[in-house]
Amino acid sequence: MANLEGLETHKHLKDAFAEEAVTAYRYLYFAKIADIEGQPDVAQLFRDLAEGGICNAHGSLDFLRTEGDPLTGAPIGQTDRNLHASLLAESTEFSELYPDMAAVAHAEGFPDVASWFETLTKLKRAHVQLLREAIARLERGQGPEEGGE
Amino acid sequence: MSHTDTTPTSGANGSYDASSITVLPGLEAVRKNPSMYIGSTDQEGLHRLVYEVVDNSIDESLAGHCSHIHVIIDSDGHCSVEDDGRGIPVDEHLEMGCPACQVVLTTLHAGGKFDQGSYFRSAGIHGVGISCVNALSTTLELDIWRANGHWTQRYEQGNPVTNLERKHASKRRGTRVRFLPDPSIFDTTEFSHAVLARRLEELAFLHPGIHIQFDDLRQGTSDVFQYDSGILGFIARLNAERTPLHTPPMSIVHKGGDLEIDLALQWTTAYGEEISSYVNSINTVWGGTHVNGLKRALTRSINAYAAKAGLLKADNGERIATFDILEGLTCVMSVRMVEPRFEGQTKTRLTSRGVRDVVDDLVTAQLDAILGADAALARVVVGRALDASRARLAARRASDRARYTARDIHVSDEVYQKQFGIRSATWHKSAVWIANEDLLAEHAKAFEMPEGARLLDVCCGSGVVGNSFSDRVSEKIGLDITPEMVKLAGERLDKVVQGTVYDIPFPEASFDIVCTREVLHLLPNPGKPVSEIFRVLKPGGQFVVGQILPFSELDGPWMYRVFKKKQPLIFNMFQEEDFRQMLLGAGFVDLKMTEYNLWESIDVWIDTHETTSLHRHEIRDLFHNAPAEARAVHPFEILPSGEIRDLWRWCIFSVRKPE
C-alpha cells in the first residue's frame, strides 16, 4: 500500500478505528444495563454488535499497522514495537494526560471527577512499570513469562 | 468398561426395573477431567457429590416412592445417603450382562432419569449422576434393599471390587450409598456442615413433607428438616430478619402441562432483592429464562395495575422500571419441567427457550387476578414500586444538585443530613464494620495520650469510635451534621454538638485527641477539615483516623467505581500515599499506620437507600467481572449462594500536632 502519511485517508482510518472501538465498549456497557433491566434479547443484540465493532476496529488497525500507532504515531507491528508504543502511550497518560485532566476538574469544581483522573494516573504509573519490565525481559532475550522458580 | 451407544429403552407401563435403565457412554473420562463433570474440584465440587446422590433420592420422592432421606457425615470423612425408595434395580441388565445397579454405578449418564418413562421432571436430567460420585471416590459401598433381600456391593475408584451379593432376606426397601471422596482428585475432602445443611433445608422446603435427617458425626449434631409449609415457609425463613410489607406472601401456583410453577413473593422494607429460583430442585443461582419471564410478568402486571388505578403520571409517560419493582422483593420460584437446558455443567442458569414467555403469561394472568381482587395488597405492592421509582429519580436529581453545589467549597449540609438521617435508623446494621469490636479495638490501641484526655469525635455517627477510648479519656465530645446522628451519639458520648467539620465550633487548642473514621473520602476539599482538626488540637495532641483504602494503585479505579455506585457522595478515592501527604501537608508529624483487614458481605453494605437498585446490580457485576489487575491485589470471594464477601483494607493512622 502506498504511504498514507499526511493524507486524509490516514486520518480517516484512525477516526474509524476510534469510532468502532468506542462503539463496541459503549455497547458492552449498554448490554449490562439491558441484562439488569431483564431484557436479555436486547443485551445479546448489544453484545453481538460489540463483537462486530471490535472486529471492525481491528480492520482499520490492519491498515494502520504499517503506518504507525494511531495513539502515539510510534511504529507498531511486531511485539517489541508494540510494547514500546504502549509504553509511550501509558507514560504520556501518566505524566501529562490524566494529571492535566485532574487539574482541570479541580479548577472547574468537580473533585470527584478529579479523584477519578488521579486514580487513573496512579494505575498508569503501575502500567508503565509493567511494560518497562516486559521490555527489559524481551531485550534480555527471555520470553514474557519467566515461569518456574 | 465398554462403551455403548445411547439406546433408549423403555420401562414398559412405568415399571422401574433393569429394562428402564438407559446406557450412555462410559466414565473413564470423569477421573481424567473431573471439573468437566462436577464443575470444579474445590469444596463446591466435593459437595456436588453429595447433591448428586441426594438428588437420586429426591427423584424417588418425586415419583412418590420415598419419604425419608438420611445423610450422615462420618468422623472419618465418609458420606452416606440412605433413602426408603424402591431401591436401585438389582436384576440383570440384558444389554450389559451385569446387575442393573452396577450399570448405574459404573456407566456415565446411566439411570432411570434418562428415560421419561421412569421419572418425570427429574432433578438430574442432564446431571452427572451417581456414577461420577463412584468414579471420584476412593471407596463406595452400595446397599440395596429390594426384592425381599439386602444386597451389597463395593467399589474402588469407580470399579467394582466385589460382585453384587444378596446378604440375607429383608422386607425393607431403599438404597444406601456410602462413599469416601478421593483426596487425589479434590483440593479438600472436608465437607462444610453449613453448606450441606443449607442445601438439605432448601430441598426440604422445596419438597413439602419429605423428611431429611442430617447427622454430622464430626461435631455430634443431628438436624431434621421437614416442612409442610413449602416455599411459603421458605419465604418466612428468608425474611426472618426483615420487615414484610404484607402477610401472607403472595402465592402463585400452576400445575399440569409441560411446566409447573410454584412461586411465592413478599416485599419487605429492605432495599435489596432476593430471588431464589429452582428448576427441578436445582438452584439456578444465575436465574435464566424462567426468572426473566417472572421479571417481565411483574413489570407488566404492576404497570398495568398502576395505569388502570390512575397512579402513574400519564402526562410525562411515567412507567415503573423493573428494578424498582424488584426493590425489597423476596421471592422463591420453583419450576418443574421436562428436559430443562442449563448453561454449563454446574447448572446455574436456565437457558431453555420458550420458558420465558410461558412463565410471563402464567404469572401475569395470576398476578393480575391477585391485584384485582385485593385492593389493599395492590396498594402496598404497587405503592412500594412507585416509591422506589420516584425515590430513584429524586436521588438522581439530588446528586445532580450535589454536583452543581460542588463548585462551592462543599456540598450543602442538607444532602449529608438527608442521606445519613435516613440511614441513622438502622445505622449499626447498615455495614458490619461500624460496630465491629476488633476494628474499634484497633483504633483504641493507637491511643497515646495521658489518662484524662479530652476527646473530640468528628462526624461521629453513633459515637462508637469515640466510645472505644472510654476508659482513657475524661470527656468525650461528638460533632455531627445530622440531627438524628447527634441524638444517636448522645447514648455513647458525654456531649454531642451539631455542626460542620469544615468549621469546627470549638476554639483553637481545645482537645488532646481527635478521632474520626471513614469520613474524609465523602468530603470535597478534605484538606480543609483536616486543618480544622489540626486547629482544635492542643500542641502535642493526637489525631486518630481510620480509612478504607485500595490495596494498591492496581485496584484503585475498580474500587472507585464500586464505592461511587454505593455512595454518590464519594469525592476522593484516597490511596495510601495521598492520605499520608494530606495529613503531613496539614502540619501533622509522627505518622504511624496500622493495617486491619476485615471481611464484609457486600449484601449488607449495599442494602441501603443510598444505593439504587441499578447500582446494586452494577456493583455485583463489577465483582463478577473484576479486571485481572484488581483481582491480583484485592481479595474477595463469591460464595456458591451468590453472596459476595469483600476484604476491606482498613488503615488506621495516628499523627501528632507538633509541641
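Two strands count as paired if DSSP finds at least two bridges between them. Keep that in mind for this tour of a predicted model.

**Stop 1: strand E9 of chain B**

Select Val81(B) and Val177(B). They are bridge partners, with Val177(B) sitting in E9(B). Now widen the selection to residues 174-181 of chain B, which make up strand E9. E9(B) pairs with E2(B) over five bridges, in the antiparallel sense.

**Stop 2: strand E2 of chain B**

Select residues 79-83 of chain B. This is E2(B), and four of its five residues are buried. Strand E2(B) is thus a mostly covered element.

Add residues 68-73 of chain B, strand E1. E1(B) and E2(B) run antiparallel, joined by five bridges. To find one pair in the register, pick His70(B): its bridge partner in E2(B) is Glu82(B).

Next, follow the chain from E1(B) into E2(B). The two form a hairpin with five residues between the strands. Click on Gly77(B), where phi is positive, near 95°.

**Stop 3: a five-strand sheet in chain B**

Move on to strands E12 to E16 of chain B. In what order do the five strands of this open sheet stand? The order is E12-E13-E16-E14-E15, and the pairing is mixed. Strands of a sheet pair through backbone hydrogen bonds, either parallel or antiparallel.

Select the two edges: E12 (250-254) and E15 (282-283) of chain B. Each has a single partner strand, so one side of each is left without a neighbour in the sheet.

Stay with E12(B) and add E13(B), residues 259-267. Five bridges join these two strands, which run antiparallel. Colour Ile252(B) and look across to E13(B): Leu263(B) stands opposite.

**Stop 4: the helix across the sheet**

Select residues 230-238 of chain B, helix H7. Which strands does H7(B) lie across? They are E12, E13, E14 (274-279) and E16 (329-337) of chain B. Turn the view to compare H7(B) with E16(B): the helix runs at about 150° to that strand.

**Stop 5: zoom out, chain by chain**

Show the whole of chain B. Its elements are 21 helices and 26 strands. Of its 659 residues, 46% are buried. Among its contacts with a separation of 6 or more, 70% involve residues 24 or more positions apart.

Finish on chain A. It has four helices and zero strands. Along the sequence the pattern reads α-α-α-α. Buried residues make up 28% of its 149 residues. For contacts between residues at least 6 apart in sequence, 49% join residues at least 24 apart.

How values were computed:
Residues numbered from 1 in each chain as written. Chains lettered and ligands numbered in written order. Predicted model: local features only at pLDDT ≥ 70, side-chain atom pairs only at ≥ 80, totals over all residues. Contact = placed C-beta atoms within 7 Å. Axes fitted to C-alpha atoms, helices over the stretch in contact; angles between N-to-C directions. Buried ≥ 20, exposed ≤ 12 C-beta atoms within 10 Å, placed from the backbone.
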